[in-house]
Amino acid sequence: MNFTAWMQSHRRSILFLLVLLAVAGMVAAFKLPVTLFPNVDFPRVVVSLDAGDRPADLMMLAVTQPVEEAVRRVPGVRDVRSTTSRGAADVSVSFDWGIDMGLATSQVNQAITQVLPTLPVGTQMMTRRMDPTVFPILAYSLTSATQSQTALYDLARYQLRPLLSSVNGVARIEVIGGAQQEYRVTVDPARLNAYGLTLTDVAQALSAANVVTAVGRLEDHYKLYLAIADTRLTSMRQINDTVIKTSGGAIVRLEDVAKVSDGVVPQWTRVNADGRPAVLFNIYQQPGSNSVQIARDVAAKLAAYKTQLPAGVKLANWYDQSVLVLDSAASVRDAILIGTGLAVLVLLLFLRNIKITLIAAVVVPTVLAATVVLLYALGMSFNIMTLGGMAAAVGLIIDDAIVMIEHIVRRLRGASGEHHGQVMTAAAEFMRPLAGSSASTIIIFLPLAFLTGVTGAFFKALSLTMAAGLIISFLVTSLAVPLLADHFLTEKDANQEEGGKFTDWLHQRYAALMQRMLARPLLLLLLVVPLLGIGYIGFNQVGSGFMPAMDEGGFILDYRSAPGTSLTETDRLLQQVETIIKANPNVDTYSRRTGTQLGGGIAEANEGDFFIRLKSGTRPDIEIVMDDIRSQVEQTVPGLNIEMAQLMEDVIGDLTAVPQPIEIKLFGDNQDELQITAKKVQAAINKVAGVVDTRDGINPAGDALEIHVDRVKAALEGMNPDSITQIVSGYLAGVVTTQMQNGPKLVGVRVWIPHDQRAITPDVGKLLIRAPDGHVFPLKRVANIVPISGQPQIRRENLKRMVAVTGRISGRSMSAVITDIKQIMAQPNLLPKGMYFELGGMYAQQQIAFQGLIAVFIAAIGLVFLLLLFMYESFRIALAILAIPLLAVSAVFTGLWLTGIELNISAMMGMTMIIGIVTEVAIFYFSEYRDLAEKMPFTDALINAGKNRMRPIAMTTFAAILTLLPLAFALGQGSAMQQPLAVAIIAGLIVQLPLVLIVMPVLYRILMRYAGSDKPRSS
């Protein structure tokens, strides 16, 4: 029994299996997680270190450097970068792509744990594994004109956080802003001295008075009792009544020396939403969870809870990642529907038969549904890459059905005998070229499995989706299409008139043209030379980029005021920025953080960020809005440096430790030289067209007040520097000596002196110190108090001190900007002797990605050539076929140039796919030619093969172009990610028809003449 007979005997089970797959795909589509990004482990671990307040240079030597050396020994480490500030440091450890990040994170923790005993006492560390889930997917704000910031914080922390933590898929909820309640014990220093007491005495008395301890167990009769000594403080009255000292029967209570009041924990950050002080709570998802479902569940819980919100509290959503995800999914859905509809019209136009058209069209939803089942089985998700892969694959999926159904129809029309037998015979006849053509497209995805870096992380999901779709498409086309055609097509369909006047005219013109071309092969230059010439111009004109730019509907505005600027002054400057943002008609809502950042990391009181969400619907492109706000801020708010980026760009930058497109890393050992050179480099690149938001990489911390205690003078007072330092710390920062329970929270009790005695710098020298013998003296008697400018943060890479000058790009391609920057950096005397530079940032990632994609492109060519040799065992046929997709690649550069799209990783993916797509069509031609070559002369076979394959090649070309048009026009939000890929493929498809039908036969004729034969060698 042959294969077609087997198909006939099992047609019911085969078709039912396909129906089951389609139904399973629809079911799986509702269960598949929906996220913005593929679930990818970025090979980076960030270690945050906190060693209290200490100078940056000492922090670097005592903490950062030992940790760097420890983690550098971990297997697989590629780079170690660090940023050190006063008492804090971030150490970024980058690994090779593909490493097990769970194991790597554990090894980093072990390495640091080994050196932790040698670090300063009290050093704390936190390790974060970098993946897309380290950034929030949802963010809400609480504002109120009637409720205090403490009440709003408590509402978010103790009511909403537990409520939303029960939502399936939520990893954690972070509360930012507001104020935390605290009891203030403000001590009167004069009264304290009068009673012979110190601040430490008050703190110790409060701590001793607020105790709950199990003191033992007691068994009495049949019960076991736990004895608990409970002297907890429960009210402000009890705090006031705390006994501080007893002497000669006299009792000194706290209220005799201090005033107790409600207060808040000292805040060195400011948070607001839409210009009002706010509490923000950010919601993070677990890896592999469904961000869209999380957003829906959170919204439902908050909607149900709204009735319980205190009067006057406004709950607002200022960021929702699921909006972009859903908009992207809707865009892809529309692209699939529009593209499929246009492709069906092409079939109907060419085949003029509704039944035949529907048989081909039914393949698309079946294949897509089966692809969803495979994605579900592999644990993948719907995201911008998998959805885009499905949309881009529609044209290739329907191609298989088109060529199969066209071949069956052509064999049916005009053939004698039972049409049912003719259908299966035609299907069996076409199975080999269909397998070869499908393999030529599928095989190009094999090298993509070896891609690393950001390209591999994101585009592997797209390529896997497309490859799966094409494999399933081949199976469905080879099994379902013949069975459906055999069942539904009748004698009437078989006897339908083939072609028409236009077809006959076209065939005559084609035959005449090919007679001349085959007789005079040099005429081929009239087609090839202009194609290559325009392609060469396009190659030189088109700029290069990295990731495609897409309108995400919102962006980040990072800002930094002058070093040392107070929180209050920075807040005043930012109010001017908020006025600009509010006045922009395209802004929907925004939130602002000062002293902290959305992505975490080291931040001073003079820096932070905005997240600005734009209105949906018709509005200018997001880049125009960003440029408008940027120009207004730079003109009207002097003293504030800003930079802008869309969230996805910012997230990818943070995940890969290269947040800016431009990064010039200056390496040297002299910190002063590094700072001077960094400013010179920044000034130089500021003159380059298209460079915006530059930074010199020098990030000083705020100003400091250094207190140098003289050891001799301290000893004469009967004290040592450490005891004096502890007393001063209590005066300035206060001492949180104990905590009191208040409902679901613990409230700290802070002891310190009145604000007016520590408000300004001269007050510090007047602070009174009580010696052990009871005498009192001012701090300035034993200490020299010196204000100093803040030390710059210390940045190192691979144990070498480094300053990174950074910038962003607007209005120009990355390649053009970097070319100008390289010319500037090549100028003599720009860098002092001994200093060198490297280009990093997104440009470095682009170069890595391009190297990988070029290797993939070359591998794809090699694999396709191998496939062609396997199919035909003829170098001449393989060379003739392979030359066609290579010529089509030149049209890709022309298409990108004419549409103003950069050559980025998405476009290079499309360029690689052109190799397989054009080869697929060329195989169809040669399969027909080889059949005809046995029945007629060489030239006639070449011409008739073109005639016979003209219609299916035209149908597949037009159908593929039309299915990709919605992506090429970037219809809808999120579709811009696949726009360069679609444009690249369409550009190659436009020249596919003349290349395959005209250039390839002539080229094959030339190769055969060169071999001294006009007849092909049989294989």
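Visitor: Are Tyr872 and Phe926 buried or exposed?
Guide: This is a predicted model, where local features need pLDDT of at least 70 and side-chain atom pairs count only at pLDDT 80 or more, while totals for chains, interfaces and linings use all residues. Residues are numbered from 1 along each chain as its sequence is written, and side-chain values use heavy atoms, leaving out hydrogens and water. With a 1.4 Å probe and protein chains only, buried means under 20% relative accessible area, exposed over 50%, and partly exposed in between. For Tyr872 and Phe926 alike, the answer is buried.

Visitor: What kind of pair do the rings of Tyr872 and Phe926 make?
Guide: Rings of Phe, Tyr and Trp (its six-membered ring) pair if their centres lie within 6.5 Å; planes under 30 degrees apart are stacked, over 60 edge-to-face, and the rest tilted. That rule gives 19 aromatic pairs. Here the centres of Tyr872 and Phe926 are 6.1 Å apart and the planes make 55°, so this pair is tilted.

Visitor: How many residues apart in sequence are the parts tied together by Tyr872 and Phe926?
Guide: Helices are DSSP runs (H or I, at least four residues), as are strands (E, at least two), numbered from the N terminus. Tyr872 belongs to helix H28 (residues 841–872) and Phe926 to helix H30 (residues 905–933), so their pair joins parts whose separation in sequence is 54 residues.

Visitor: And Phe926 with Tyr929, what kind of pair is that?
Guide: These two are three residues apart in helix H30, which means about one helical turn between them. Their ring centres lie 5.7 Å apart with planes at 85°, so the pair is edge-to-face.

Visitor: Which are the edge strands of the six-stranded sheet?
Guide: Strands pair if DSSP finds at least two bridges between them. The sheet is open, pairs antiparallel and follows the order S14-S13-S18-S19-S17-S20. Pairing on one side only marks the edges: strand S14 (276–277) and strand S20 (640–646).

Visitor: What angle does helix H21 make with S20?
Guide: Helix H21 (residues 622–636) packs on this sheet, touching S17, strand S18 (587–594), S19 and S20; contact means heavy atoms within 4.5 Å. Axes are lines fitted to C-alpha atoms, for helices over the stretch in contact, with angles from 0 to 180 degrees between N-to-C directions. By that reckoning, the angle between H21 and S20 is about 175°.

Visitor: Which ring has Arg172 over its face?
Guide: A charge sits over a ring if NZ of Lys or CZ of Arg is within 6 Å of the ring centre and within 35 degrees of the ring normal. At 3.8 Å from the ring centre, Arg172 lies over the face of Tyr284.
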